[in-house]
Amino acid sequence: MIPAGGEVVGDAVRLSTSPLENLVVTLYFAGSTGPATFHRVGLATSYRATGNHLNDVLAKAYRQSSESSYFLSGVDVSGPFRERRNTVVALGDSATDGVGSTPEAHGRYTDGLAERLVAARRNLGVVNAGIAGSMLLTSSSCFGEKGVTRFRRDVLDRPGVRTVIVELGANDVGANWATGRCFPPSHKPVSARRITEGYRALIRAAHGRGIKVIGATLVPLRGYPGYSAKVERLRAEVNHWIRTSGAYDAVVDFDKALADPAHPDRPRPGYVYEDGLHPNDAGYQAIANAVDLSEL
């Protein structure tokens with residue numbers, strides 16, 4: 001039995017791996033599991049079948065599919081690495097999760113970053129800890145724990161972490177005046193100071209573990225539901241702090257990489273998904289290209 005909020009780690013398996021290689025994992029449940037933990041924006045197809053098919057050679061039994069992933073949250077890889085710490089964690093919301101990228105095409109910015117690291121022969125792995133809708137300061141029944149809470153599980157408690165890229169706060173800004181079933185009664189508008197205090201808390205926690213912290217600016221939000229001039233003012237204020245405060249060990253300017261120079265409050269034409277807000281594959285590649293590999 002796995003308690004709510006708990007984890008189980010499987011036995012180690014000897015398996016040779018190559019950079020950027022895909023791994024397929026089959027899970028079998030002998031009975032009803034109750035509500036399943038899942039990653040809604042998996043962007044890779046999961047297949048389901050009734051019965052035990054662990055030993056099937058063919059995939060004919062798997063007649064149901066979903067782009068979400070269930071139960072399995074990650075795979076740890078160990079080996080004769082030269083560096084003791086060689087994991088880069090990307091902590092973020094939908095812009096890290098990859099909403100708007102092409103399913104099955106590995107078009108998230110973290111995929112592009114991993115490809116750049118391989119090409120540069122840098123022995124670093126990239127972990128995507130993005131959750132669409134995630135907020136820095138507010139936990140949500142729709143989008144999970146707030147960033148200042150999940151930071152321990154998703155960053156500090158992972159093995160071998162050397163660097164974290166923090167891309168959170170866009171939903172705190174965009175949904176600052178929002179109401180609805182996804183927001184708890186305690187959800188109230190927050191100031192730029194409250195948001196930056198949240199960043200400082202993450203930075204202190206990471207530095208306490210010897211982890212480098214890279215801050216990412218908030219991407220353009222004009223397509224966000226409820227977007228307004230006060231949303232844009234708050235985003236600009238938060239981005240100014242990220243760029244100039246010196247609190248982060250380094251900064252990657254996602255906003256500059258994605259924004260239209262003629263209209264800085266919106267994404268550059270050709271870089272945006274059909275919803276007008278999230279990056280498309282080209283936009284995510286531009287974000288990946290903005291990361292200075294020497295800062296990792």
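**Close-up 1. A side chain of Asp260 reaches the backbone of Ala262.** In this predicted model, a polar atom of the Asp260 side chain sits 3.0 Å from the backbone nitrogen of Ala262. To find Asp260, look for strand E10, which covers residues 259-260. Is there a charged partner, and where is the nearest side chain of opposite charge to Asp260? Asp260 is buried yet has no salt bridge, and the nearest side chain of opposite charge, Arg266, is 5.9 Å away. A salt bridge here calls for a side-chain nitrogen within 4 Å of a carboxyl oxygen. Beyond its neighbours within four places in sequence, Asp260 is in contact with Arg266, Pro267, Arg268 and Pro269.

**Close-up 2. Arg235 and Asp255 form a salt bridge.** The closest approach of this pair is 2.9 Å, N to O. Arg235 belongs to helix H6 (residues 229-244) and Asp255 to helix H7, so the pair ties together parts that are 20 residues apart in sequence. Are these two residues buried or exposed? Arg235 is buried, with a relative accessible area of 3%, and Asp255 is buried too, at 9%. Now let your eye move outward from the pair: Glu232, Arg235, Arg243, Asp253 and Asp255 are linked in a network of salt bridges.

**Close-up 3. Arg193 and Glu197 pair up along helix H5.** Both residues lie in helix H5 (residues 192-208), four residues apart, about one turn of the helix. An α-helix has 3.6 residues a turn, so residues three or four places apart point the same way. The side chains of Arg193 and Glu197 meet in a salt bridge of 3.3 Å, N to O. Arg193 counts as exposed, with 62% relative accessibility, whereas Glu197 is partly exposed at 38%.

**Close-up 4. Arg153 and Asp154 form another salt bridge.** The closest N and O atoms of Arg153 and Asp154 are 2.8 Å apart. Arg153 counts as partly exposed, at 37% relative accessibility, while Asp154 is buried, with a relative accessible area of 8%. How many salt bridges are there by this rule? The count comes to 13.

**Close-up 5. Asn280 caps the N-terminal end of helix H8.** A side-chain oxygen of Asn280 lies 3.1 Å from the backbone nitrogen of Ala282. Follow helix H8 through residues 281-290 and you will meet its buried residues: Gly283, Tyr284, Ala286, Ile287 and Ala288. Which helices do these buried residues pack against? The buried residues of H8 pack against H1, helix H2 (109-119) and helix H7 (254-258).

**Close-up 6. Glu104 and His106 have positive phi angles.** Glu104 has a phi of about 70° although it is not a glycine. His106 is not a glycine either, and its phi is about 55°. Glu104 is found in the loop between H1 and H2, and His106 has its place in the loop between H1 and H2 as well. Glu104 is partly exposed, with a relative accessible area of 45%, and His106 counts as partly exposed at 38%.

**Close-up 7. Val161 is buried in strand E7.** Strand E7 covers residues 161-167 and includes Val161, which has a relative accessible area of 3%. Which residues does Val161 touch, not counting those up to four places away in sequence? They are Arg85, Thr87, Val89, Val155 and Ile211. For a sense of distance, Val161 and Pro269 are 108 residues apart in sequence and 35 Å apart in space, C-alpha to C-alpha. Arg84 and Pro159 make another pair to look for: they are 75 residues apart along the chain, and their C-alpha atoms are separated by 9.6 Å. Arg84 is in the loop between strand E4 (69-70) and strand E5 (87-92) and counts as exposed, at 81% relative accessibility.

**Close-up 8. The second largest pocket has a lining of 22 residues.** Of these residues, Gly133, Asn171, Tyr224, Pro225 and Leu277 lie nearest the pocket's centre. The second largest pocket holds about 430 Å³ of space. Helix H1 (94-97) and helix H4 (170-174) each supply at least two residues of its lining, and H4 gives the most, with three residues.

**Close-up 9. One cavity of 30 Å³ or more turns up in a search of the whole structure.** The largest cavity holds about 40 Å³ of space. Its lining is made of Leu137, Thr138, Asp172, Asn176, His187, Lys188 and Val190.

Conventions
Residues are numbered from 1 along each chain as its sequence is written. This is a predicted model: local features need pLDDT of at least 70, side-chain atom pairs count only at pLDDT 80 or more; totals for chains, interfaces and linings use all residues. Side-chain values use heavy atoms; hydrogens and water are left out. Buried means under 20% relative accessible area, exposed over 50%, partly exposed in between (1.4 Å probe, protein chains only). Lys and Arg count as positive and Asp and Glu as negative; His and the chain ends are not counted. A polar contact is a pair of N or O atoms within 3.5 Å; within protein, one must be able to donate a hydrogen and the other to accept it, and residues adjacent in sequence count only if both atoms are side-chain atoms. Contact means heavy atoms within 4.5 Å. On a 1 Å grid over the protein atoms alone, a cavity is a set of points where a 1.4 Å probe fits but cannot get out, and a pocket is an open set with protein on both sides within 12 Å along at least five of seven lines; lining residues have an atom within 4 Å of a point. Grid points are joined across faces, edges and corners, and a volume is the space filled by probe spheres set on the points.
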